[in-house]
Structures are given as C-alpha cells and as structure tokens.
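Student: Could we go through this model together and check what stands behind each word we use for it?

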Amino acid sequence: MHFSPGIVYQLSKGTLEACIVCQEYFTTGFLVCSPACADAQLDSSPLVRLQEDHRAFADVLARFRNRWDPSNSAPTVTDIYAILSSARSNKAYLDYRWKIERKSKCIAAGFRPGNERLRWHGTSSNCDITKIGEGLCSSSNSCNLCDIIRGSFKTQKCLGGLYGTGIYTSSIPVKAHGYALTGGRGNALLLNSVVTGHPKLLTAHDSSLTRAPWNRDSVWVTPQGGPVKYDEVVVYDDAAIRPVFLIVYE
Ligand SMILES: [Zn+2]
Ligand SMILES: [Zn+2]
C-alpha cells in the first residue's frame, strides 16, 4: 500500500503534477514526491503554498466556495497551503483508519476507507495570518491555529461542547468560520481528513460524551436532525483527524 508522503490527502490518479515541495519530480495522486522531500520541507515549515493550477487547489477552493452560506457569497481567498505532518503522525492516522475500516467495513458500504471525509474546522489564532506562510508563531504564543498546524489536534485540549469532549468539524465552512476567532490579522480555516467510520446520528445534545457512542466511531449531527442549522462531525480520538489544508481569506 502506498501513501502520499507528508500528507494523508490524496488525489485520484491521472494527471501528472509536479511535487509541491521540490517542483522537480512529477507524481500522480500524491502531492509530495518522496518521504525525503517531505522531511526536508518539515525541517523549515509544515506549510507549502499551493499553486493555483494544482488540482488540490481547485478541490479545496470548491469545498470552500460551494458550501458557503448560499445567501452570501464566500469571502475572497488569498492563499491555500498544504499542511505536511511527520511520517510518524501520518502513520498513526492511517493505522487508525485501517483499524476502523476492518471493524466497520466502510469500503464494502461504498465509502472511502474508514469512511474518511474532508471537513472544516475553525479555531482561535493569535498571529498575523496574512503572513503565516513566512512562519508559524512560537509555541509559547497561545495560538491554537499554529499549534494544530504544527502537531495536529489534541482532544486533551478540547473544552467540551454540545456533543462532548471531541474534535468538531463541518462540511460547511461558514459554520467553522464562527469559531475562527482571530487575535491578529486575516482569516483562516483548516480542512481536515477525518475518519468517521460508522457514525452515530445524534438529534439531541449530549455534552457528557468523551468517546464515540458504543459500537460507533464518530457522532454526526445533520441539519435535519434537530436544533442545528449546519452539519457537524465529532471525533473523540486524536488519531482520527489530521489537518491537511489551510485556507486564508479576507
Ligand atoms: Zn519533491
Ligand atoms: Zn499563530
């Protein structure tokens, strides 16, 4: 089994595209040509700015624009970055995905392995996001955004919510935008790869949850399901989610 070095997001095989890091070698389906290229990039920054003609750029932009509140046009996007993670971090995610796949048989049901989805997350930040490509802020700056880009999500740091102590994401960017509280300049959202497995559909709040309900792998809250306007997916395991793109907008 081959995995994209540096990032758990993959494109469908087809067009050859230059490695986003070295721009030298070509890959199909992967964003980064080799583990060595991913490691070299991680030594300086986990963020790699995407060129506008890259297929991943188009995918992320469509997920942002097309799912914004239909009554308002989406804000202007200034940059899209791929977020690279260490080989160890990505292995933990992929191992978890296969564990859930074996248990919940998502492929047989017509879904991606582990019923993996791309979902938006907004969080607080404490830096000038318009310059985030020049470097993340230091880990002493209490910046959740840079902390997640640097080391992914930690359920330990979650404060809890209507569906318990988990990591909350949505397919609707404007929903995530409500949580993207910036202390500096600019706006940003994280697009994440999330292993949702066999979800439990919840229609009522349950703030006592600290893990997925019995025999399920995540909680889904659907717009039709109750008191919420936008869908949400909640996972309760650090290994179930990795940030894969950062979108910066006005
Ligand atoms: Zn490369
Ligand atoms: Zn920051």
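What follows is a short conversation about the terms and the values behind them.

Tutor: Happily! This is a predicted model, in which local features need pLDDT of at least 70, side-chain atom pairs count only at pLDDT 80 or more, and totals for chains, interfaces and linings use all residues. Residues are numbered from 1 along each chain as its sequence is written, while chains are lettered from A and ligands numbered from 1 in the order in which they are written.

Student: What makes the protein agree with a compact globule?

Tutor: The radius of gyration is taken over C-alpha atoms, and the globule rule is 2.2 Å times the number of residues to the power 0.38. With 250 residues, the rule gives a value near 18 Å; the protein has 17 Å, so the two agree. Its C-alpha atoms fill a box of roughly 50 × 40 × 35 Å along the principal axes.

Student: How are the helices and strands defined, and how many are there?

Tutor: They are DSSP runs, numbered from the N terminus: helices are H or I with at least four residues, strands are E with at least two. On that basis the protein has five helices and 11 strands.

Student: Why are some residues of helix 4 called buried?

Tutor: A residue is buried if 20 or more other C-beta atoms, placed from the backbone, lie within 10 Å of its own; 12 or fewer makes a residue exposed, and anything in between partly exposed. In helix 4 (residues 144-151), L145, C146, D147, I148 and I149 are buried. Across the protein, buried residues make up 41% of the 250 residues. Just after helix 4, S152 takes a positive phi of about 65°.

Student: What makes strands 3, 4, 11, 7 and 5 an open sheet?

Tutor: Two strands pair if DSSP finds at least two bridges between them. These five strands lie in the order 3-4-11-7-5, with antiparallel pairing. Strand 3 and strand 5 (116-121) are at the edges with a single partner strand each, so one side of each has no neighbour in the sheet. The twist averages 30° from one strand to the next. Strand 3 and strand 4 are joined by three bridges, against the cut-off of two, and R49 has Y81 in strand 4 as its bridge partner.

Student: How do you know which helices pack on this sheet?

Tutor: By contacts, meaning C-beta atoms, placed from the backbone, within 7 Å. Helix 2 (residues 55-65) touches strand 4, strand 5, strand 7 and strand 11, and its direction makes about 120° with that of strand 4. Helix 4 touches strand 3, strand 4, strand 7 and strand 11, at about 135° to strand 11. Axes are lines fitted to C-alpha atoms, for helices over the stretch in contact, and angles run from 0 to 180 degrees between N-to-C directions.

Student: Why is the pairing of the other sheet, 6-10-9-8, called mixed?

Tutor: Both senses occur in this open sheet of four strands. Strand 8 (residues 199-201) and strand 9 (residues 218-221) are parallel over three bridges, with P199 opposite S218. Strand 9 and strand 10 (residues 232-235) are antiparallel over three bridges, with W220 opposite V233.

Student: What does UniProt place at residues 101-220?

Tutor: An unreviewed UniProt entry puts "domain: PARP catalytic" there; UniProt positions follow the numbering used here, feature names are shortened, and annotations may be inferred rather than shown by experiment. In the model this span is 14% helix and 20% strand, with its end C-alpha atoms 18 Å apart.

Key:
Two residues are in contact if their C-beta atoms, placed from the backbone, lie within 7 Å.
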